[in-house]
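Here are a few exercises to work through with the model open beside you. Try each task before you read its solution.

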Amino acid sequence: MSQNHEHWMRLAIALAHQAANKNEVPVGAIIVHDNQIIGVGQNQPIESQDATAHAEIVAIRAACAELHNYRIPGSTLYVTIEPCTMCVGAMIHARIDTVVFGAREPKAGALVSNLQLHENDFYNHKMNVVEGILSDECSELMVSFFQSKRS
């Protein structure tokens, strides 16, 4: 597994920009396994009319399809913003090894900001968490998106 977190996060940021261009909340995610991208996703609940179409879920679905398995152990998920409760649950069920995120999400973050879901003992899978990779860029993307909505 590559430890070049900034490289992978830059690709997730590019996906977040694509989401913003479609008027979606700018979140991008990629999943890496054996130093290869196996899944990509960007927020698309508005476009797809699917409340579960968060970037992480879209990437997990693509990665599972790529590996022909509903579990993807040995993988790392990179996402621009701290995941929500739904996405953390999906990561646990998919057996993601590591989640790397850029900026904290103070309202709905479920790894560090509000909850630490992955640390609950009742889950039979534990994930590693790395935070703060290119956090300023990831945060600025969200701030500028919502500022443009307000003006």
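**Exercise 1. Find the partner of G28 in β2, then work out how β1 sits in the fold.**

Start with G28: its bridge partner in β2 is Q42. Before going on, note that this is a predicted model, where local features need pLDDT of at least 70, side-chain atom pairs count only at pLDDT 80 or more, and totals for chains, interfaces and linings use all residues. Numbering runs from 1 along each chain as its sequence is written, and side-chain values use heavy atoms, with hydrogens and water left out.

Step one: move along the strand, and A29 pairs with G41 in β2. Strands β1 (residues 28-33) and β2 (residues 36-42) run antiparallel and are joined by 6 bridges. Strands here are DSSP runs of E with at least two residues, helices are runs of H or I with at least four, and both are numbered from the N terminus; two strands pair if DSSP finds at least two bridges between them.

Step two: check the turn. The β1-β2 hairpin has 2 residues between its strands, and D34 takes a positive phi near 50° there.

Step three: look for another neighbour. Strand β3 (residues 75-81) pairs with β1 in the antiparallel sense over 5 bridges, and H33 stands opposite S75 of β3.

Step four: ask about burial (under 20% relative accessible area is buried, over 50% exposed, in between partly exposed, with a 1.4 Å probe and protein chains only). G28, I30 and V32 are buried on one side of β1, and A29, I31 and H33 on the other. With 6 of its 6 residues buried, β1 is therefore largely enclosed by the rest of the structure.

**Exercise 2. Decide how the buried residues of α1 are arranged around its axis.**

Step one: get the length. Helix α1 (residues 5-21) has 17 residues and reaches 24 Å from first C-alpha to last, close to the 24 Å expected at 1.5 Å a residue (the expected span is 1.5 Å times one less than the number of residues).

Step two: list the buried residues, which are H5, W8, M9, A12, I13, L15, A16 and A19. Seen down the axis of α1, they fall within an arc of 165°, so they line one face of the helix. The arc is taken from the directions from the helix axis to the C-beta atoms. As a reminder, an α-helix has 3.6 residues a turn, so residues three or four places apart point the same way.

Step three: step off the helix. K22 is in the loop between α1 and β1, and is partly exposed at 46% relative accessible area.

**Exercise 3. Place R95 and L134, and say whether each is buried or exposed.**

Most residues other than glycine have a negative phi. R95, though, has a positive phi near 65°, and L134 has one near 55°.

R95 lies in the loop between α4 (85-94) and β4 (98-103) and counts as buried at 15% relative accessibility. L134 is in the loop between β5 (128-131) and α5, and is buried too, at 13%.

**Exercise 4. Describe the lining of the largest pocket.**

Step one: the lining residues divide into 13 nonpolar, 3 polar and 6 charged.

Step two: the largest share, 5 residues, comes from helix α5 (residues 135-150).

Technical notes:
Ala, Val, Leu, Ile, Met, Phe, Trp, Tyr, Cys and Pro count as nonpolar, Asp, Glu, Lys and Arg as charged, and the others, Gly among them, as polar.
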